[in-house]
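Reader: Walk me through this model, label by label. For each label, I want the value and the cut-off behind it.

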Amino acid sequence: RDGDEGDGEESTPSEEDLFSRAMWARSDPEPLLRRLLALPIATVALRAHMEDFFEGNLCTFCSCAIGMHAGDAATLMDRFLPELRDSSSSAQDLVQSQLEECIQKLAVRWQSFLNSPSCARLVRRLRSTLDAESARRLFLLAPEPPASDAKGLATQLFSSRHWLRALAAAWDEDPTAVAIADAQLPGVPLVYVNPAFEQLTGYTSDEVVGRNCRFLQGPETSRAAVSELTAAIQRHTSCTVSLANYHKAGSGFTNSVTVLPILDVVTGEPRIHFSLSQRYSVAPLAAASQRLAAEKIQATIPRVVRFLTPTPSVSDGVVAVG
């Protein structure tokens, strides 16, 4: 069904969608579903997707129940819950109870909706129809960073790349170390790292932006692992390897690194290398927790994006070092 609506361009996530997609994936789905189902355009999109799971009517019921006015409960009971008409509970209480239950059922399908073309179309339509305040409450607009937050090269990059501002706003507070490299610039330099990356490596953002991430390597770094990562990047595929990396203070640590290329839908070439880093753990429970965290993040990152920011040229003056 997702492929029947709109065209490929409309259903492909754009760089504007990177922030929204990440925030929707990381948010508690139940209150977010309540906000969306209060909007007719979102109800239609969610219903169309949920019909694949024979749960389309749940969306209609939730939308009606969320917008219910005093005196509407009995009508909703007759329409959706006739089997409960003889219950000793009030119609209002029964509707609210069923609403909670239905929202919980829809929340189970939330991740599948996020990964569907319908989600990209809905995000774009909501962004174009809602007022700015309503759009911000639904994470449809990435907050603009204060001018004092960045300086020098970082300021230049933030001002010229909308997708970078969107990703930074989404990942600044995440506990997983995130680093983003611009694949279209010479040397593929880092253009953003979050505070968790700074904590993991000891390097500040000002120290690493503009450098290739190989500066974290050292004498004990496996050449085979580096070659595996390089080959995957050249094939435009994701890859996870364990590497010996080095903290700024000189101490070594085993870094479980996942690199995800994000391709430009027009050229088919990577525009962004999105990487996750976690201190490797041999403890089974910790390792399983790390895997789950990485998989959840990977599910939020679209592999193909319709970019609005022009491809940079060498005249941008950014060349990776280190």
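**Labels and their cut-offs**

Reader: Why is Trp110 called buried?

Author: Its relative accessibility is 3%. Buried means under 20% relative accessible area, exposed over 50%, and partly exposed in between (1.4 Å probe, protein chains only). So Trp110 counts as buried at 3%.

Reader: What kind of model is this, and what are the ground rules?

Author: The model is predicted, so local features need pLDDT of at least 70 and side-chain atom pairs pLDDT 80 or more, while totals for chains, interfaces and linings use all residues. Residues are numbered from 1 along each chain as its sequence is written, and side-chain values use heavy atoms, without hydrogens and water.

Reader: What makes Trp24 and Trp110 an aromatic pair, and of which kind?

Author: The whole structure holds five aromatic pairs. In this one, the ring centres are 5.6 Å apart and the planes lie at 40°. Rings of Phe, Tyr and Trp (its six-membered ring) pair if their centres lie within 6.5 Å; planes under 30 degrees apart are stacked, over 60 edge-to-face, the rest tilted. So 5.6 Å makes a pair, and 40° makes it tilted. Trp24 sits in helix H2 and Trp110 in helix H8 (residues 110-114), so the pair ties together parts 86 residues apart in sequence. Helices (H or I, at least four residues) and strands (E, at least two) are DSSP runs, numbered from the N terminus. Trp24 is buried too, at 0% relative accessible area. Ring pairs also join Trp24, Trp110 and Phe113 into a cluster.

Reader: How do you know which kind of pair Phe61 and Phe80 form?

Author: By the centres and the planes. Their centres are 5.3 Å apart and their planes at 70°, so the pair is edge-to-face. Phe61 is in helix H5 (residues 56-66) and Phe80 in helix H6 (residues 73-80), 19 residues apart. Phe61 has 4% relative accessibility, so it counts as buried.

Reader: Why are H2 and H16 called oblique?

Author: Helix H2 (residues 17-26) packs against H16 at about 140°, with the axes 9 Å apart. Axes are lines fitted to C-alpha atoms, for helices over the stretch in contact, and angles run from 0 to 180 degrees between N-to-C directions. Under 35 degrees counts as roughly parallel, over 145 as roughly antiparallel, 65 to 115 as roughly perpendicular, the rest as oblique. The angle of about 140° falls in the rest, so H2 and H16 are oblique.

Reader: Which residues meet there, and of what class?

Author: Arg21, Ala22 and Ala25 of H2 meet Lys296, Ala299 and Thr300 of H16. Contact means heavy atoms within 4.5 Å. By class, there are three nonpolar, one polar and two charged residues. Ala, Val, Leu, Ile, Met, Phe, Trp, Tyr, Cys and Pro count as nonpolar; Asp, Glu, Lys and Arg as charged; the others, Gly among them, as polar.

Reader: What makes H4 and H5 roughly antiparallel?

Author: The axes of helix H4 (residues 40-50) and H5 come within 7 Å and cross at roughly 155°. That is over 145, so H4 is roughly antiparallel to H5. Thr43, Leu46, Arg47 and Met50 of H4 touch Gly56, Asn57, Cys59, Thr60 and Ser63 of H5. These residues divide into three nonpolar, five polar and one charged.

Reader: Is Gly252 buried or exposed?

Author: Its relative accessibility is 52%, so Gly252 counts as exposed. Gly252 belongs to strand S4 (residues 252-264). Beyond its neighbours within four places in sequence, Gly252 contacts Asn245 and Tyr246.

Reader: And why is Glu295 called partly exposed?

Author: Glu295 has 45% relative accessibility, in between the two limits, so it is partly exposed. Glu295 lies in helix H16 (residues 284-300).

Reader: What is notable about phi in Phe139 and Val188?

Author: Most residues other than glycine have a negative phi. Phe139 has a positive one, near 60°. Phe139 lies in the loop between helix H10 (132-137) and helix H11 (153-160). Val188 also has a positive phi, about 50°. Val188 is placed in the loop between strand S1 (177-182) and strand S2 (190-193). At 25% relative accessible area, Val188 is partly exposed.

Reader: What are the totals for the chain?

Author: The chain has 16 helices and six strands. Of its 322 residues, 47% count as buried.
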